[in-house]
Amino acid sequence: MIPKIDSNLTTSIIEKDMDSIVDWFDEHRQSFYTLGWSYLRNQHQMEELFYNTIVKVHKEWPRFKSKTSFETWVTSIFIQTCRELSNGRSLKVPKESEPQQELFNALDQLKENEREAMVLTYIKGISKEEGAKLLQVSVEKMKELLFSGIQSFRKVMGDRATYNGCKQYHEGYIDYLERTLDRPRKIDLEKHLYHCEECQEDLAAFQEVMVTLVNLTEKMEELHVPSGFMEKVKDRLAENEKHRQRKNKKRIRKGLVFAGVFALLMSIEVFTRVFSNLYYTWIEEDQELRTFLQKDLGESLYLEAESNGVKIKIKSAIADDVQTLVFYEIEDTEDNNQYVMDNFEGVFVENQNKIMSPEGYLGYYPPDLESDLNTKEKNVYQGKISLLPLTKENGTIKLKITKLQKLIRDSSAPNGIRAYENMEYETGEWNFEIPVTKQPSVDYDLDEEIEVEGIPVRFDKLTIAPTATVLHYAINNERPGKRIDNLNFDNLEVNNKKMKADMYGRSFVETHQVGNWFTFQRHFDPLFGEKPKEVNIQLESINLTFGDQKTIELDGSIGYPQTFEYAGSTISIDKVEVGQRTKVVISDYAIENRAYESFQYQVVTEDENEVSLMEMNSEGVLIDKNGVKYDMNESVPYEEIEQPRHFITVQSTELQSNTAGEKITPKRLEIYGYNATKYLDDVIKISLE
């Protein structure tokens, strides 16, 4: 069972701080060691598990709610730490556990929530009610997890028998075997079992699994905590505390110097806007964040959380109608690693549905590895992530981080490009409550319509927000045979100030149709509230689709390669391999002055129902505006290429037969149309006076 803790011990934890938490874990080490072993079964990781859990309990102690039992709270932290350490790692059972290896391996193959429900109930001996609290599910859901877990465990253990017990009685199996089923339902089930042979077999199989787990529990009770285990954990905690105190002393010395300067300035009454600019110049190294703070668009926060030796600081959060920018610093306190946040993986806003708009702009900001901020220290990285905009004027973002991406600097890569093929991650749990105030945005009507490549384009509105300048425009694609897929911008000039287009900004954020018009957005650098008098929009390029249809009959009797003309180019059908898997390969290497970059087609057979699988692959090259080619098989510096175009040189299609042993014979190619990019140099000038 979960170890109990009384009010006197709770008081001692408050008074003695870390020492009492360590003593408590030492007293109950056997119980927690058994639980941790069901996840990890690795001595080094077990030490890491106890160390991390003790640190978290100490750190999170001020948040402990008395309405929750202490033992439940501690065990929940312990289980979460078990998950983090076991995530993505293969589990190997040591030799001393070999008799139980098959059972451990079977548990490992279950779904995580099923495995945890079974471990807590049958190995740890926790009640279903207490286990439900730990797993944050209802008691009924806990019973469902146990039922499905036992079924899965049976299959993993090699039980190939099919048991078709009546589903309406499934929910009573576990309570019946544990003798906790209420009398009316017990009588009803036993009557049914007397007449239903399949339910008898089903229930017997369930009972066999539960006996197996009980036997495993007895073996687990023989598992002893190794000699000196807790002493190693205590030594590491003591060393970490010494390291923390040394760093605090350095900060105190710096703080005293700054406090003296601050007091001097206050005494001579220069705490004005000038001092505000100087103040943020001194305390904030990040130029972008400094600008926001100096313009009073946010505030310094200094929120910290640490997990597994990695400390995250939330420096500030800037919110408006476009997005919410969170500036952060990540420090590896134990090694020389740099980590970044990825708002698409491992970063969650737990109350997102309550305070954020699902229709907002989620920006992407790649790691800035070359800035002075991130080359100064090998174990510190400063960056930002974009979250959705707020729906309220004020709020608190409950940010939870469970995974960080490790930066791998590859000095051998061309043009300083860094390799991310083999991504590594650091897992943990960092929780923040970030107060934010939404800053106002201003909209300006543009009401300008032009034609681009003969297609109407309308500029509707300019939004000036603290974190971005947003151009709202629309495209009328009703013209047959030709449409604009994407309109690319170089910059936006407002009152003689140029703002670059966001390289990673999505153009389809606002996509919807009004009549024949499709509306879009494009994001540019922020303008910081200046009222526009004149707007100059510099176009860069346009991506077009042309509806040019063509059918090519495939005649294998005359052999391959064969050629055909399309969009002013000669295209080769290199080979057609006929079989149960049929392959068609097409190529066009003459890309100079080629009208198209790629075309859409399909391979048609006599009977489309005979094809069960179609797979398409392609090869190509990148060519920039100046005609320089880049091999796609090598490392390509995408961010440095000026207006690249991707020309497809080889396309292959594989078809697989529905029927074993039967061949698929392709009859023709049907081409629907092609794609092309055209460079633009137009400037649209719009006066707002």
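Q: What's the volume of the second largest cavity here?
A: The second largest cavity comes out at about 50 Å³. A cavity here is a set of points, on a 1 Å grid over the protein atoms alone, where a 1.4 Å probe fits but cannot get out. The points are joined across faces, edges and corners, and the volume is the space filled by probe spheres set on them. Keep in mind that this is a predicted model, where local features need pLDDT of at least 70 and side-chain atom pairs count only at pLDDT 80 or more, while totals for chains, interfaces and linings use all residues. Also, residues are numbered from 1 along each chain as its sequence is written, and side-chain values use heavy atoms, with hydrogens and water left out.

Q: OK, which residues line the second largest cavity?
A: Lining residues have an atom within 4 Å of a cavity point. For this cavity they are Ile571, Ile586, Ser587, Asp588, Arg594, Tyr596, Phe599, Ile648, Thr649, Val650 and Gln651.

Q: And which strand gives the most to that lining?
A: That's strand 24, with 4 residues. Strand 20 (581–587) and strand 24 (645–657) each supply at least two. Strands are DSSP runs of E with at least two residues, helices are runs of H or I with at least four, and both are numbered from the N terminus.

Q: How many of its lining residues are nonpolar, polar and charged?
A: The lining has 6 nonpolar, 3 polar and 2 charged residues. Ala, Val, Leu, Ile, Met, Phe, Trp, Tyr, Cys and Pro count as nonpolar, Asp, Glu, Lys and Arg as charged, and the others, Gly among them, as polar.

Q: How many cavities did the search find in the whole structure?
A: It found 2 cavities of 30 Å³ or more. The largest has a volume of about 70 Å³.

Q: What lines the largest cavity?
A: Tyr51, Asn52, Val55, Lys56, Asn240, Glu306, Ser307, Asn308 and Gly309 do. Helix 4 (43–60) and strand 1 (303–307) are the elements that give two or more residues, and helix 4 has the largest share, 4 residues. By class, this lining splits into 2 nonpolar, 5 polar and 2 charged.

Q: Switching topic: how many disulfides are there?
A: The count is 0, where a disulfide is a pair of cysteine sulfur atoms within 2.5 Å.

Q: Why doesn't Cys196 bond with Cys199?
A: Because the sulfur of Cys196 is 3.6 Å from the one in Cys199, its closest cysteine sulfur, and that's too far for a bond. Cys199 is in no disulfide either.

Q: Are those two buried or exposed?
A: Cys196 is buried, at 13% relative accessible area, and Cys199 is buried too, at 1%. Buried means under 20% relative accessible area, exposed is over 50%, and partly exposed lies in between (1.4 Å probe, protein chains only).

Q: Where does Gln323 sit?
A: Gln323 is in the loop between strand 2 (310–319) and strand 3 (324–332). Its relative accessibility is 0%, so it counts as buried.

Q: What does the Gln323 side chain make polar contacts with?
A: One contact goes to the side chain of Ser386, at 2.7 Å, and another goes to the side chain of Thr467, at 3.3 Å. A polar contact is a pair of N or O atoms within 3.5 Å; within protein, one must be able to donate a hydrogen and the other to accept it, and residues adjacent in sequence count only if both are side-chain atoms.

Q: What about helix 9, how far apart are its end C-alpha atoms?
A: They're 25 Å apart, which agrees with the 26 Å that its 18 residues (139–156) should span at 1.5 Å a residue. The expected span is 1.5 Å times one less than the number of residues. Buried residues in helix 9 include Met142, Leu145 and Phe153.

Q: Which residues does the cis peptide bond join?
A: Tyr560 and Pro561, with omega about 15°. Pro561 is in the loop between strand 17 (550–553) and strand 18 (562–566).

Q: And what's the phi of Asn495?
A: About 50°, so to speak a positive phi in a residue that is not a glycine. Asn495 lies in the loop between strand 12 and strand 13 (497–500), and at 18% relative accessibility it counts as buried.

Key: On a 1 Å grid over the protein atoms alone, a cavity is a set of points where a 1.4 Å probe fits but cannot get out, and a pocket is an open set with protein on both sides within 12 Å along at least five of seven lines; lining residues have an atom within 4 Å of a point.
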